[in-house]
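Student: I have a model open and would like to work through its packing with you. Could we go contact by contact?
Tutor: Gladly! Let's look at it together.

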Amino acid sequence: MKKFLASTVAASALALMLGMTSVRAEDAIDPNAKQGGAITITYKDDVATLDPAIGYDWQNWSMIKSLFDGLMDYEPGTTNLKPDLAESYEISPDGKTFTFKLRHGVKFHNGREMTADDVKYSLDRVTNPKTQSPGAGFFGSIKGYDDVAAGKAESLSGVTVVDPYTVKFELTRPDATFLHVMAINFAHVVPKEEVEKYGADFGKHPVGTGAFKLAEWTLGQRIVFERNADYWHKGLPHLDKITFEIGQEPIVALLRLQKGEIDVPGDGIPPAKFQEVMADPEQKARVVEGGQLHTGYVTMNTTMAPFDNVKVRQAVNMAINKARVIQIINGRAVPANQPLPPSMPGYDKEYKGYPYDVAKAKALLAEAGHPDGFDTQLFAMNTDPNPRIAQAIQQDLAAIGIKASIQSLAQANVIAAGGDKAGAPMIWSGGMAWIADFPDPSNFYGPILGCAGAVPGGWNWSWYCNKDLDAKAAEADSVVDPAKAGERDKMWSAIYDKVMEDAPWAPVFNEQRFTMKSARMGGADNLYVDPVHIPINYDNVYVKDVQ
Amino acid sequence: MIAYLGRRLIQSLLILLGVSLITFALLYLLPADPVRQIAGRSATPQTVENIRQQLGLDQPFIVQYWRYLTKLISGDLGRSYIQRSEVTELIVSRLPASLLLMVGAILCELLLGLSMGLIAAVRRGTATDQTLMVASFVGVSAPQFVVGLLLLYVFAVRLSWFPIGGYGTWRHLVLPSLTMGILGAGWYARMMRSSMIDVLRQDYVRTARAKGLARRAILFRHALPNAILPVIAMIGIDIGIFMGGIVVVESVFGWPGIGQLAWQAIQRVDIPIIMGVTLVSAFAIVLGNLLADVIAPFIDPRIKLR
């Protein structure tokens with residue numbers, strides 16, 4: 001965390017000297033990395049699509065990052081932004097115009113050079129309602145977005161091709177998160193001719209500018225990536241081939257890893273086997289642990305009695321024994337006291353949160369007029385370990401007199417209940433919890449704590465809407481100057497501290513990530529718990545057993 | 001015969017229509033909103049409504065069902081909400097794997113079940129008979145998930161005789177087939193045993209014995225063909241049981257069939273796939289039953305078509 005802040009400040013200082021222009025420095029390539037070799041990765045669920053405008057799940061997120069590129073990316077294994085397909089960028093003093101200079105000679109897998117027209121086309125496509133992109137909303141600050149989203153225009157008026165290597169974005173408001181938005185998968189650049197050729201099946205025939213290209217896709221069985229020899233980033237990727245085997249239960253994947261048949265079980269170590277793996281020094285040595293931009297929380301519907309009383313919500317915050325909940329998941333998390341996870345900029349290290357204090361919680365309930373507690377419902381997703389976590393929370397609540405019956409349902413049903421104003425008094429977020437789309441504090445606010453998310457079908461399951469905080473959030477996001485990033489983070493800390501005062505959530509824990517790999521895999525540990533390339537950074541890892 | 005077939009075909013179509021209506025209605029009533037799943041967490045309410053309109057999910061139930069039916073008649077099962085591919089393509093690409101597994105399972109259950117039943121019938125009342133019948137009972141009652149993991153652990157992890165899950169060679173096929181087959185083998189062992197005991201009591205068997213024929217000849221040439229026929233006729237009905245089993249077994253072994261597809265689709269409320277797999281399964285079951293009924297009289301002349 002400290003390291004991250006320091007580097008941000010340094011980068012910001014540099015940006016300031018250049019008059020808010022940032023020029024990319026070439027990434028250092030790991031000098032120990034070996035070229036060549038093939039690895040095998042398993043996943044349980046099908047890969048739905050490899051279309052960057054549509055893919056939004058655990059398996060395909062990082063695959064898409066290896067097939068496509070965006071204007072921006074992050075330094076491998078970190079949350080530090082860097083230009084990618086862009087060579088440099090310039091932000092206007094009012095923070096509403098972003099101009100990107102593209103690097104020359106970048107080629108799509110079909111051999112054609114990528115230009116500014118492709119950037120514009122890709123953004124027009126992702127925001128077009130016909131594309132049905134789950135990420136369209138990220139581009140809401142671009143001028144002309146509303147017309148495209150409403151189907152009134154085919155093209156974003158705020159995106160201009162200045163020349164083949166320059167593209168200009170005009171925004172309706174200063175947006176400090178815009179560089180992050182240009183780094184998410186939905187903003188990746190696609191070639192028009194290939195999209196038109198394959199139509200709705202482009203996701204099965206992806207063509208990008210990325211480090212790997214698709215070599216084979218046998219539906220439901222196997223996806224094979226092979227090295228893009230023309231990749232613009234010289235020296236990458238290290239691997240010649242990656243085979244993704246689909247449909248493998250995590251427990252079977254672990255057995256195969258132990259026998260040396262695979263290199264990374266993409267779904268991680270199955271909970272039931274976690275202690276066994278960690279107790280074996282030989283296996284434990286191949287486990288990499290890292291933080292992730294995730295918070296697990298209990299939402300309380302602030303529009304439903306008795307949770308419309310802040311004292312009741314605070315009482316719940318004090319009643320939950322977080323340490324015990326973490327035991328249930330074999331200690332694979334750290335206790336949370338605020339919405340932001342510790343590795344996110346803007347996390348308030350000074351903030352202590354609500355203590356675990358049953359007596360105080362009871363007193364608060366009494367003050368709220370419920371000395372004997374009340375009956376309510378706690379919704380949770382029905383896959384392990386969530387029902388067990390819900391039970392632990394249920395017991396903790398019972399200790400202060402709140403009798404919560406557990407509604408254990410399929411994910412989609414819990415999401416539906418949360419998006420219905422009268423649907424769910426309390427929800428344990430496990431299995432559906434917020435994992436940040438990009439490493440910026442604003443990403444934990446808008447859809448899940450802001451007024452915009454407190455609508456039918458929204459993700460603000462607390463239905464918490466504080467207009468004052470919304471205004472503060474908008475103010476923080478208008479601080480575009482990278483030199484003031486520290487100031488902006490402080491503004492966000494203050495917003496989340498206020499949220500905690502109103503206590504629409506009881507934050508419970510921040511999950512840690514544990515990736516296991518075969519002994520032959522090489523590369524820095526942080527590539528295996530990359531905060532952005534989830535679960536691992538395919539472009540930068542290598543194998544040690546090639547010549 | 002023709003009239004019978006015609007009647008049965010119409011019945012079968014009505015059943016399929018009923019299945020499609022009930023499944024469609026159940027999925028329609030599901031509190032989960034597929035549009036929200038497609039639209040994702042960052043979508044504005046406007047985006048959600050746009051997508052709903054494009055998919056026609058803003059229409060009343062009867063309109064949606066009618067549209068589905070008219071497309072279905074031309075063989076179009078729609079596009080998956082999550083995978084965005086043609087459902088037909090997804091099912092067709094996975095069907096061979098499921099059929100292969102089914103063939104393997106039928107072989108396993110016949111081989112295991114018939115031989116167990118035969119031995120039990122011949123050794124009726126002995127300890128062997130009792131052991132086999134207890135074993136068949138265990139086979140019928142053991143959850144397939146447990147059987148699958150147990151077989152995987154013993155034969156793949158410990159003994160390394162077979163690969164740990166996956167698809168491709170005959171060695172990949174053995175354990176999942178066995179897992180599926182053990183359930184059926186239990187039933188077949190019991191049916192085979194009673195059928196065989198029944199046949200062994202028949203006059204012609206007594207006559208053969210009186211003629212002084214060898215025990216082996218009586219069993220295999222005279223008794224077995226007659227005892228086995230009614231049992232074989234059950235295979236068609238098995239398809240229904242298999243359709244349920246493949247969801248579990250394919251998931252355990254990472255077998256890329258339609259069971260795995262269905263399981264994933266259910267978890268993600270991918271309605272077009274759930275509908276598609278349900279209809280294909282219902283079709284297979286109806287077809288299996290129809291075949292079993294039509295073939296039965298040829299195998300066993302005591303049965304007549306009416």
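Student: Which residues of α8(B) does α6(B) meet?
Tutor: Bear in mind as we go that this is a predicted model. On the α6(B) side, the contact uses Leu132(B), Ser136(B), Phe137(B), Gly139(B) and Val140(B). Their partners in α8(B) are Ile182(B), Leu183(B), Ala185(B), Gly186(B), Trp187(B), Ala189(B) and Arg190(B).

Student: How do the residues of that contact divide by class?
Tutor: Gly counts as polar in this scheme, a point to remember with Gly139(B) and Gly186(B) in the contact. The contact of α6(B) with α8(B) then divides into one charged, three polar and eight nonpolar residues.

Student: Are α6(B) and α8(B) perpendicular or oblique to each other?
Tutor: The axes of α6(B), residues 127-141, and α8(B), residues 170-200, come within 7 Å and cross at roughly 140 degrees. Roughly perpendicular would need 65 to 115 degrees, and roughly antiparallel an angle over 145. The crossing is left-handed. The two helices are therefore oblique.

Student: What is the handedness of the crossing of α8(B) and α10(B)?
Tutor: Here α8(B) packs against α10(B), residues 215-232, at an angle of about 135 degrees, with the axes 9 Å apart. That angle makes the pair oblique. As for the hand of the crossing, it is right-handed.

Student: How many charged residues are in the contact of α8(B) with α10(B)?
Tutor: From α8(B) come Tyr188(B), Met191(B), Met192(B), Ser195(B), Met196(B), Val199(B) and Leu200(B). From α10(B) come Ala223(B), Asn226(B), Ala227(B), Pro230(B) and Val231(B). By class there are 10 nonpolar and two polar residues, and the charged ones number: no charged.

Student: Is Val231(B) buried or exposed?
Tutor: Val231(B) sits in helix α10 of chain B. Leaving out residues up to four places away in sequence, Val231(B) touches Leu114(B), Tyr188(B), Met191(B), Met192(B) and Ser195(B). The cut-off for burial is 20 or more other C-beta atoms within 10 Å. Val231(B) has 21, so the verdict is buried.

Student: What C-alpha to C-alpha distance separates Val231(B) and Tyr188(B)?
Tutor: These two residues are in contact. In sequence they are 43 residues apart, while in space their C-alpha atoms are separated by 7.1 Å.

Student: Are α9(B) and α10(B) roughly parallel or roughly antiparallel?
Tutor: Their axes come within 10 Å and cross at roughly 150 degrees. An angle over 145 meets the cut-off, so α9(B) and α10(B) are roughly antiparallel.

Student: Which residues of α10(B) make the contact with α9(B)?
Tutor: α9(B) passes α10(B) in a right-handed crossing. On its own side α9(B) uses Tyr204(B), Val205(B), Ala208(B) and Arg209(B). By class, the contact has five nonpolar, one polar and one charged residues. The α10(B) residues are Ile218(B), His222(B) and Ala223(B).

Student: Is Tyr204(B) buried or exposed?
Tutor: Tyr204(B) lies in helix α9, residues 203-210. The C-alpha atoms of Tyr204(B) and Ser80(B), 124 residues apart along the chain, are separated by 59 Å. A residue with 12 or fewer C-beta neighbours inside 10 Å is exposed. Tyr204(B) has 12, so it counts as exposed.

Student: How many helices are there in chain B?
Tutor: Every element in the run from the N terminus on is an α. That fits with zero strands, and the helices number 13.

Student: What percentage of the residues in chain B is buried?
Tutor: The C-alpha atoms of chain B fill a box of roughly 85 × 55 × 30 Å along the principal axes. Of the 306 residues in chain B, the buried share is 40%.

Student: Which helix gives the most to the largest nonpolar core?
Tutor: That core has 227 residues, and Val298(A), Ala315(A), Val316(A), Ile393(A) and Val277(B) touch the most other members. The top contributor, with 15 residues from the stretch 87-122 of chain B, is helix α5.

Student: Which helix supplies the largest share of the side of chain B that touches chain A?
Tutor: The contact takes 41 residues from chain A and 40 from chain B. Several helices of chain B each supply at least two residues, among them α2, α7 and α11. By class, this side of chain B has 18 nonpolar, 16 polar and six charged residues. The largest share, seven residues, comes from α3(B).

How values were computed
Residues are numbered from 1 along each chain as its sequence is written. Chains are lettered from A and ligands numbered from 1 in the order in which they are written. This is a predicted model: local features need pLDDT of at least 70, side-chain atom pairs count only at pLDDT 80 or more; totals for chains, interfaces and linings use all residues. A nonpolar core is a set of buried Ala, Val, Leu, Ile, Met, Phe, Trp, Tyr and Cys residues joined through C-beta atoms within 7 Å. Helices (H or I, at least four residues) and strands (E, at least two) are DSSP runs, numbered from the N terminus. Two residues are in contact if their C-beta atoms, placed from the backbone, lie within 7 Å. Axes are lines fitted to C-alpha atoms, for helices over the stretch in contact, and angles run from 0 to 180 degrees between N-to-C directions. Angles under 35 degrees count as roughly parallel, over 145 as roughly antiparallel, 65 to 115 as roughly perpendicular and the rest as oblique. A crossing is left-handed if the near helix is turned anticlockwise from the far one by less than a right angle, and right-handed if clockwise.
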